[in-house]
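Visitor: Please take a close look at one part for me, the salt bridges. I would like the pairs placed in their surroundings.

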Amino acid sequence: MSTACEDVLALAIEAFTETFGDVNGDMVYGFAPGRVNLIGEHTDYNDGFVLPMALPLVTVVIGRRNNTQTSRIVTTCETIDDQKDITFELGSICRGSPKWANYVKGVIFNFHRPVREGFDAIIASSVPLGGGLSSSASLEVAVYSFLEALTGTNEADLSRKALACQKAEHDFAEVPCGIMDQFISTMAKEGHALLIDCASLEATPVPLDDPNVKIVIVNSNVRHELTGSEYKTRRDNVKV
């Protein structure tokens with residue numbers, strides 16, 4: 001585990017202890033990185049090629065079963081304007097408020113097997129919300145990985161795992177995103193970018209081993225949000 005992930009995990013453990021009580025041996029966690037795209041803007045939903053790479057910024061979901069049918073989830077994200085906790089029954093998952101919870105609920109709904117055991121969980125992240133670094137896909141894949149650990153069942157096909165997270169965003173967050181973000185968050189390899197053919201869904205790691213090449217990410221301080229933006233309009237236009 002990287003130092004970046006360890007720091008966020010420590011924050012999540014501290015928040016869990018404060019919210020739900022002592023951490024014990026039944027705890028499980030999942031994590032997933034944010035990303036930056038090097039080549040191929042708006043080409044993933046046009047069946048083109050993209051070349052994203054993962055960042056040392058991660059989302060961590062940590063929790064345990066609570067022996068009920070009810071799940072309780074709290075986010076530590078300070079930049080969220082909505083309420084930071086949700087409680088819901090696993091047998092009646094539906095869209096609603098707060099908005100961030102729809103990403104979580106969508107992943108639970110699209111998990112590869114029914115989730116019947118309630119759980120308590122904390123979400124912590126170092127991926128800036130609205131920074132254009134794919135905090136949403138990072139959250140989705142982290143939740144999916146958490147559910148894999150919680151249920152003891154892994155999705156062997158990483159493409160199916162990424163597609164399930166994409167469907168969660170389509171159906172519950174109502175964002176018609178392409179597949180790039182979920183693919184890189186699921187399949188990232190340290191020291192590599194990922195060349196994705198979005199038509200065939202073939203993904204090929206590309207080494208980034210030139211010591212003379214540095215990748216710089218600039219914060220424009222412009223908040224990035226696909227929900228309610230012109231993103232859907234642009235996607236609809238290219239289908240015409």
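**Salt bridges and their setting**

Guide: The count comes to 8 salt bridges, a salt bridge being a side-chain nitrogen of Lys or Arg within 4 Å of a carboxyl oxygen of Asp or Glu. The model is predicted, so local features need pLDDT of at least 70 and side-chain atom pairs count only at pLDDT 80 or more, while totals for chains, interfaces and linings use all residues. Residues are numbered from 1 along each chain as its sequence is written, and side-chain values use heavy atoms, with hydrogens and water left out.

Side chains of opposite charge can pair when their charged atoms come close. One such pair is Glu117 with Arg65, at 3.1 Å from N to O. This salt bridge links distant parts of the chain, since Glu117 sits in the loop between helix 2 (99–110) and strand 5 (119–125) and Arg65 in strand 2 (residues 49–65), 52 residues apart. Helices (H or I, at least four residues) and strands (E, at least two) are DSSP runs, numbered from the N terminus. Both partners are partly exposed: Glu117 has a relative accessible area of 33% and Arg65 one of 39%. Here buried means under 20% relative accessible area, exposed over 50%, and partly exposed in between (1.4 Å probe, protein chains only).

Arg72 and Asp120 form another pair, at 2.8 Å from N to O. Arg72 belongs to strand 3 (residues 70–75) and Asp120 to strand 5, so this salt bridge ties together parts that are 48 residues apart in sequence. Arg72 is partly exposed at 37% relative accessibility, whereas Asp120 is buried at 5%.

A local case is Lys167 with Asp171, whose closest N and O atoms are 2.7 Å apart. Both lie in helix 4 (residues 158–171), 4 residues apart, about one turn of the helix. An α-helix has 3.6 residues a turn, so residues three or four places apart point the same way. Lys167 counts as partly exposed at 42% relative accessibility, and so does Asp171 at 36%. Elsewhere, salt bridges that share partners join Glu155, Asp157 and Arg160 into one network.

Now the setting of these pairs. The protein chain has 6 helices and 7 strands, which run α-β-β-β-β-α-β-α-α-α-β-β-α from the N terminus on. Buried residues make up 47% of its 240 residues. Among contacts (heavy atoms within 4.5 Å) between residues at least 6 apart in sequence, 69% join residues at least 24 apart.

Helix 3 (residues 135–151) is mostly covered, with 16 of its 17 residues buried. Its end C-alpha atoms are 24 Å apart, in agreement with the 24 Å expected for 17 residues at 1.5 Å a residue; the expected span is 1.5 Å times one less than the number of residues. Gly152, which follows helix 3, has a positive phi near 70°.

Turning to exposed sites, Val213 is exposed, with a relative accessible area of 51%, in the loop between strand 7 (202–207) and helix 6 (231–239). Gly25 is exposed as well, at 78%, and lies in the loop between helix 1 (3–20) and strand 1 (28–39).
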